[in-house]
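Visitor: I would like to learn how to read a protein model, one feature at a time. Could you guide me through this one?

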Amino acid sequence: MRIDIPDQKKLVHEMHIPIRWGDMDAMGHVNNATYFRYLETVRIDWLHRLGGAPDPRGTGPVIVNAFCNFYRQIEFPGTLLARHYVANPGRSSVDTFITLERIDRPGEIDAAGGATLVWVDFPRQKSVPLPDWLRAVVS
């Protein structure tokens, strides 16, 4: 199954990710599970930069679904440009989408993935409305 990134989205963050030798598998390309680590790295970096790191004693995001479309193999060495987008903010959720492209091949998307984040009160294990500071960014 392929999930397409919507046309209606908002760019909220960009970062570079170095491709490490250890990211590769025996086939000589980045292991498929590593792509999900790249996506997680971008989402967490974005939240930290906003001042909204998850707080296990308070609130933060949980992922309720995740996907990744693999378009081209990524190999060491190199650096990725990750672009993070948001769409469809709801009461307690927001869809996040990330594209990955090598900086030496600008504009050629190697992978695209995303996740739906739900904001929760961790101690209560209940969803809560998105915080005002986050709603201002994702709306």
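Guide: Let us begin with the interior, keeping in mind that what we see is a predicted model. A residue is called buried when its relative accessible area is under 20%, and of the 139 residues of this protein, 43% count as buried.

Visitor: Which elements does the protein have, and how do they run from the N terminus on?

Guide: The usual way is to count the helices and strands and then to follow their order along the chain. Here there are two helices and six strands, and from the N terminus on they run β-α-β-β-β-β-β-α.

Visitor: How should I read the radius of gyration of the protein?

Guide: The value is set beside what a compact globule of 139 residues would have, which is near 14 Å, and the 16 Å of this protein agrees with that. The extent of the C-alpha trace adds to the picture, since along the principal axes the trace spans about 45 × 30 × 30 Å.

Visitor: What share of the contacts in the protein comes from residues 24 or more positions apart?

Guide: A contact means that heavy atoms lie within 4.5 Å. Among the contacts with a separation of 6 or more, residues 24 or more positions apart account for 68% in this protein.

Visitor: And what can be read from the surface and the charges?

Guide: For the surface, one asks how much area is exposed and which atoms supply it: the protein exposes about 7,700 Å², and carbon and sulfur atoms supply 52% of that area. For the charges, one counts both signs and compares where they are centred: there are 16 positive and 16 negative side chains, and the centres of the two sets lie 6 Å apart.

Visitor: How many aromatic pairs does the count come to?

Guide: Two aromatic rings pair if their centres lie within 6.5 Å, and planes over 60 degrees apart count as edge-to-face. By this rule the count comes to five aromatic pairs. One of them is formed by Trp 119 and Trp 133, with 5.9 Å from centre to centre and 80° between the planes, so the pair is edge-to-face. The pair links distant parts of the chain, with Trp 119 in strand 5 (residues 111-121) and Trp 133 in helix 2 (residues 132-138), 14 residues apart. There is also an aromatic cluster, made up of Tyr 35, Tyr 38 and Phe 70.

Visitor: Is Trp 119 buried or exposed, and how does Trp 133 count?

Guide: Trp 119 has a relative accessible area of 4%, so Trp 119 is buried. Trp 133, at 34% relative accessibility, counts as partly exposed.

Visitor: Where does a cis peptide bond join two residues?

Guide: One reads the angle omega of the bond, and for the bond that joins Phe 76 and Pro 77 omega is about -5°, a cis peptide bond. Pro 77 is found in the loop between strand 2 (59-70) and strand 3 (78-87).

Visitor: Which residues other than glycine have a positive phi?

Guide: Phi is another backbone angle to read, residue by residue. Asn 88, in the loop between strand 3 and strand 4 (93-102), has a positive phi near 55°. Gln 125 also has a positive phi, near 55°, and its place is in the loop between strand 5 and strand 6 (126-127). With a relative accessible area of 61%, Gln 125 is exposed. The C-alpha atoms of Gln 125 and Met 27, which are 98 residues apart along the chain, are separated by 41 Å.

Visitor: What does Ser 92 touch, beyond residues up to four places away in sequence?

Guide: To read the surroundings of a residue, one places the residue first and then lists its contacts. Ser 92 is in the loop between strand 3 and strand 4, and because its relative accessibility is 11%, Ser 92 counts as buried. Residues up to four places away aside, Ser 92 touches Leu 117, Val 118, Trp 119, Ser 127, Val 128, Pro 129 and Leu 130; Trp 119 in this list is the strand 5 residue we met in the aromatic pair.

Visitor: How far are the C-alpha atoms of His 48 and Tyr 71 separated?

Guide: For such a question one sets the separation along the chain beside the distance in space. His 48, found in helix 1, is 23 residues from Tyr 71 along the chain, and their C-alpha atoms are separated by 29 Å. Ala 33 also lies in helix 1 (residues 32-50), and its C-alpha atom is 9.2 Å from that of Asp 23, ten residues apart along the chain.

How values were computed: Residues numbered from 1 in each chain as written. Predicted model: local features only at pLDDT ≥ 70, side-chain atom pairs only at ≥ 80, totals over all residues. Heavy atoms only, no water. Helix = DSSP H or I, 4+ residues; strand = E, 2+ residues; numbered from the N terminus. Rg over C-alpha atoms; globule rule 2.2 N^0.38 Å. Buried < 20%, exposed > 50% of the residue type's maximum accessible area, 1.4 Å probe, protein only. Areas by Shrake-Rupley, 256 points an atom, 1.4 Å probe, with all protein chains shown as cover. Lys, Arg positive; Asp, Glu negative; His and termini not counted. Charge placed at Lys NZ, Arg CZ, Asp CG, Glu CD. Phe/Tyr/Trp six-rings, centres within 6.5 Å; stacked < 30°, edge-to-face > 60°.
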